[in-house]
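Biologist: I would like to learn how to read a few features of a structural model, one at a time. Could we begin with a helix and then turn to charged side chains?

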Amino acid sequence: MTRVHRIASLALAGVLTGCALSTPPEQEQILREALPQGTTVPSSWQARASSRAVADDWLRSFNDPTLDMLVAEAIANNRDLAQAAESVRVAQQAVVVVGAQLLPRVGAQIGTRFIHDQDHDDVSTSDIAFAGVAWEADVWGRLRAQRSAAAAKARAIALDYQYARQSLAATVAKAWYLASEARQLLALAQEAVRVYEELLALVQIRRGAGKDTDLNIADTRSKLDLARAQVETMRAAYGDARRALEVLVGRYPAAEIEAEAAPPRLPPMVATGMPASLLERRPDLVAAEQRVLAAFRQEEAAKLALLPSFSFSLAGGRLGDRVLSILRLNPWLSSATVGMSIPIYMGGALQAKVEIATAQQAKAIVAYGATVLTAFQEVEDALANEQMLAKRLPLEEAALVNSIEAVRLAKIQYQVGSRDLLWVANLQADQLAIQAVVIKTKNLRRANRIKLHLALGGDFDATPAASLAMMPPAP
């Protein structure tokens, strides 16, 4: 066996017998360290909820084809989501860059030099052709730890993209129904103008019969003017809501989208699953967990950087020129090198990097705990609001029915002279205000239901754009 072969065999044996990486912490251990002492995940939600598994494709349950179209358009065209998608590509290629350190580096050098002797009108040439291979043997696993950290970061970014995609769908849905609310409030403002016009006509008839005063006419005209001003305010709000929606879906903000005047009925309450299952279901929680694992590998790599590193290189080639040819010395050359680099004194930089990596891991664990608690709060808030709004809306609708009846009776009593105009006007204003409250409460229920779907980690369709399958498993 030649010397070169022995060196290569020695390096290969070092790689094959390299140390295994440390076992990463399990989710249960991470969660225990992430949450404050004494904080535990309950077996069920505090608010009454169904423990059945959370279903995806929640958008279909709203039975709103226009909303389906707008969400699909936003997923295809939204600029912020497009940036997030490119971040996934960058992270994936970063894994390739880091992983390339584990592979041999192969290079070659080929060249020719021409020398012209002007005194003797002569040209001489010399040639060089060399190729080399260099390889750092990852005996301790430092490079593998760095690659594993990069892969975990890439998975976290891919999961962030998935959550951004879900969030965009939820934001578009809320913006669509907010535009619908604005249209309904605009219609209500226009109805108020019609009501006060009728009331003004009634007052003028009574004034002509000598049964009313100029004061009531002036007051009713004032209320009519305010109602007309409110129409302009609501028309502007409707335009703002539509433009915001158009930007979300990637259109020019021209206020051309027409919202539904009467959105479909709200679907039944959804299954919520168990609190612990949220840790596996919500992309942002899994992403935070992946960042903890990435920080764990970064700390491991920093510690392994304190150990010696081993490398070897092979090079070979040929030198040739006219003088060497005359001497018959155009040689083929080869060389082999085995090296060991031992960090002895680096001014404390390597130990400082270990401390930094340790602190970053602790920071990632704390961030994971904060993300988990926030996620639980979002679900509990949405469940509590779901119950509150379900009780509140029937009461407001009953109040509206009673208010409409009160206005009807007040107008009759005003016409026969048993009530004054102020009484009728105040009841009419109350009715319009209650109508506005009912419209807003219905939209609050829709917005809260959308927030609940997002908080539970249910996807808006059946084909998520990003998943852990997009990334190679962590080594």
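Modeller: In this predicted model, 19 of the 22 residues of helix α9 are buried, so α9 is largely enclosed by the rest of the structure.

Biologist: Where does α9 lie in the sequence, and what does it reach from its first C-alpha to its last?

Modeller: Helix α9 covers residues 283–304 and reaches 31 Å between those two C-alpha atoms, which is close to the 32 Å expected at 1.5 Å a residue.

Biologist: How should I read charged side chains in a model of this kind?

Modeller: Side chains of opposite charge can pair when their charged atoms come close. In this structure there are 25 salt bridges, and one of them joins the side chains of Arg 297 and Glu 300, with 2.7 Å from N to O.

Biologist: How many residues apart are Arg 297 and Glu 300 in helix α9, and are the two buried or exposed?

Modeller: The general idea is that an α-helix has 3.6 residues a turn, so residues three or four places apart point the same way. Here Arg 297 and Glu 300 are three residues apart in α9, and therefore they are separated by about one helical turn; both residues are buried.

Biologist: Which salt bridge links distant parts of the chain?

Modeller: One such pair is Arg 445 with Glu 386, whose side chains meet at 3.9 Å, N to O. Arg 445 belongs to helix α12 (residues 421–456) and Glu 386 to helix α11 (residues 349–415), and the two are 59 residues apart. Glu 386 counts as buried because its relative accessibility is 9%, where the cut-off for buried is under 20%.

Modeller: Another salt bridge is formed by the side chains of Lys 442 and Glu 397, at 3.8 Å from N to O. This pair also links distant parts of the chain, with Lys 442 in α12 and Glu 397 in α11, 45 residues apart.

Biologist: What are the relative accessibility of Lys 442 and the relative accessible area of Glu 397?

Modeller: Lys 442 has 41% and counts as partly exposed, while Glu 397 has 31% and is likewise partly exposed.

Biologist: Which residues are linked in a network of salt bridges?

Modeller: Glu 191, Arg 194 and Glu 198 are linked in this way.

Biologist: How far apart in space are Asn 426 and Val 407?

Modeller: Their C-alpha atoms lie 9.1 Å apart, although the two residues are 19 residues apart in sequence. Asn 426 is found in helix α12 and is partly exposed, with a relative accessible area of 40%.

Terms used: Residues numbered from 1 in each chain as written. Predicted model: local features only at pLDDT ≥ 70, side-chain atom pairs only at ≥ 80, totals over all residues. Heavy atoms only, no water. Helix = DSSP H or I, 4+ residues; strand = E, 2+ residues; numbered from the N terminus. Expected span 1.5 Å × (residues − 1). Buried < 20%, exposed > 50% of the residue type's maximum accessible area, 1.4 Å probe, protein only. Salt bridge = Lys/Arg side-chain N within 4 Å of Asp/Glu carboxyl O.
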